[in-house]
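Biologist: Before we use these labels, I would like to hear how each one is justified. Could we look at the model together and go through them in turn?

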Amino acid sequence: MIKNGRVLLGVNIDHIATLRQARGTRYPDPVQAAFVAEQAGADGITIHPREDRRHIQTRDVYVLKETLTTRMNLEMAVTEAMLQLAEEVEPECVCLVPEKREELTTEGGLDVVGQEDQIRKAVARLQQVGSVVSLFIDPDTAQIDAAVRTGAPVIELHTGRYADASAAVVDEELQRIQEAARYAHGCGLVVNAGHGLNYHNVEPIAAIAEINELNIGHGIVAQALFVGMERAVADMRSLLAAASA
């Protein structure tokens, strides 16, 4: 999906499932969270079923596919098991990401340069079932060039270093993302971004002219603990609209 004016908002609901899995209960249900997020103005719902199923379960993927009124963005590792799941579910969007079992969250971008052949084959398989494929990569021209060669039409720039940067280097990290977005857009790619974004740091990213969509999860879910999911999503959507006006 391409923006018309404002930057689009994809809401990642993984951490609703994290809370559920902490006790092994049936609640809180990420399906319910997705419904509330959509009603509050989310343009899509992002989920990442990891190999160890630490949060999103296979059941969640199938139920969400049947109930979402916007679109599913399925984040997934480039493994045979995950490719088969995507081929069965046929999500509207797939974002290929790196995955290490021991990491708390995705630590960096996909190494497209080092895995170009494998990723190109994965992109082709996913496109055969109608999914729009994006690659989650660091803001690096070599990775962008490799992404173009795989045939993926979309990239998602990893904003983690910007989000974690100290005041002394945050402008430098922002510039890296700005330059990468400009370069990728010039290569004909749709440019999304995400990771570590919250209510305090999102506006400079949303203001980048080439950014199409931001995928945000932990920041929104954390805010929802205090103000509710509906308001947390609506407030973030308002920030993106104001920054990209």
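Modeller: What follows is a discussion of helix packing, burial and the nonpolar core in this predicted model.

Biologist: Why is α5 called oblique to α6?

Modeller: Helix α5 (residues 116-128) and helix α6 (residues 141-150) pack at an angle of about 45 degrees, with axes 9 Å apart. Angles under 35 degrees count as roughly parallel and those from 65 to 115 as roughly perpendicular, and because about 45 degrees belongs to neither range, α5 is oblique to α6. The crossing itself is right-handed.

Biologist: Which residues make that contact, and how do they divide into nonpolar, polar and charged?

Modeller: From α5 come Glu116, Ile119, Arg120 and Val123, while α6 supplies Ala146, Arg149 and Thr150. Three of these contact residues are nonpolar, one is polar and three are charged.

Biologist: What makes α4 roughly parallel to α5?

Modeller: The axes of helix α4 (residues 80-89) and α5 come within 9 Å and cross at roughly 20 degrees. Since the limit for roughly parallel is under 35 degrees, the value for this pair falls inside it, and α4 is therefore roughly parallel to α5. This crossing, too, is right-handed. On the α4 side the residues are Glu80, Leu83, Gln84, Ala86 and Glu87, and they meet Ala122, Arg125 and Leu126 of α5; the contact comprises four nonpolar residues, one polar and three charged.

Biologist: How do you know that glutamate 156 counts as buried?

Modeller: Its relative accessibility is 2%, and buried means under 20%, so glutamate 156 counts as buried. Glutamate 156 is placed in strand β6 (residues 154-158).

Biologist: What is glutamate 156 in contact with, leaving aside its neighbours within four places in sequence?

Modeller: Its contacts are Glu75, Cys95, Leu135, Phe136, Ile137, Asn192, Ala193, Gly194 and Asn215. Asparagine 192 is 36 residues from glutamate 156 in sequence, yet their C-alpha atoms are 4.3 Å apart in space.

Biologist: Leucine 135 is on that list; what does leucine 135 itself touch, not counting residues up to four places away in sequence?

Modeller: Among the residues it touches are Leu96, Leu110, Val112, Ile119, Val123, Thr150 and Glu156. Ile119 and Val123 of α5 and Thr150 of α6 also take part in the contact between those two helices.

Biologist: Which residues touch the most other members of the largest nonpolar core?

Modeller: Of its 72 residues, those are Val11, Ile13, Leu96, Leu135, Leu214 and Ile220. Helix α11 (residues 229-243) gives the most to this core, with seven residues.

Conventions:
Residues numbered from 1 in each chain as written. Predicted model: local features only at pLDDT ≥ 70, side-chain atom pairs only at ≥ 80, totals over all residues. Heavy atoms only, no water. Axes fitted to C-alpha atoms, helices over the stretch in contact; angles between N-to-C directions. Helix = DSSP H or I, 4+ residues; strand = E, 2+ residues; numbered from the N terminus. Parallel < 35°, antiparallel > 145°, perpendicular 65-115°, else oblique. Left-handed = near helix turned anticlockwise from the far one by under 90°. Contact = heavy atoms within 4.5 Å. Nonpolar A, V, L, I, M, F, W, Y, C, P; charged D, E, K, R; others polar. Core = buried A, V, L, I, M, F, W, Y, C linked by side-chain atoms within 4.5 Å. Buried < 20%, exposed > 50% of the residue type's maximum accessible area, 1.4 Å probe, protein only.
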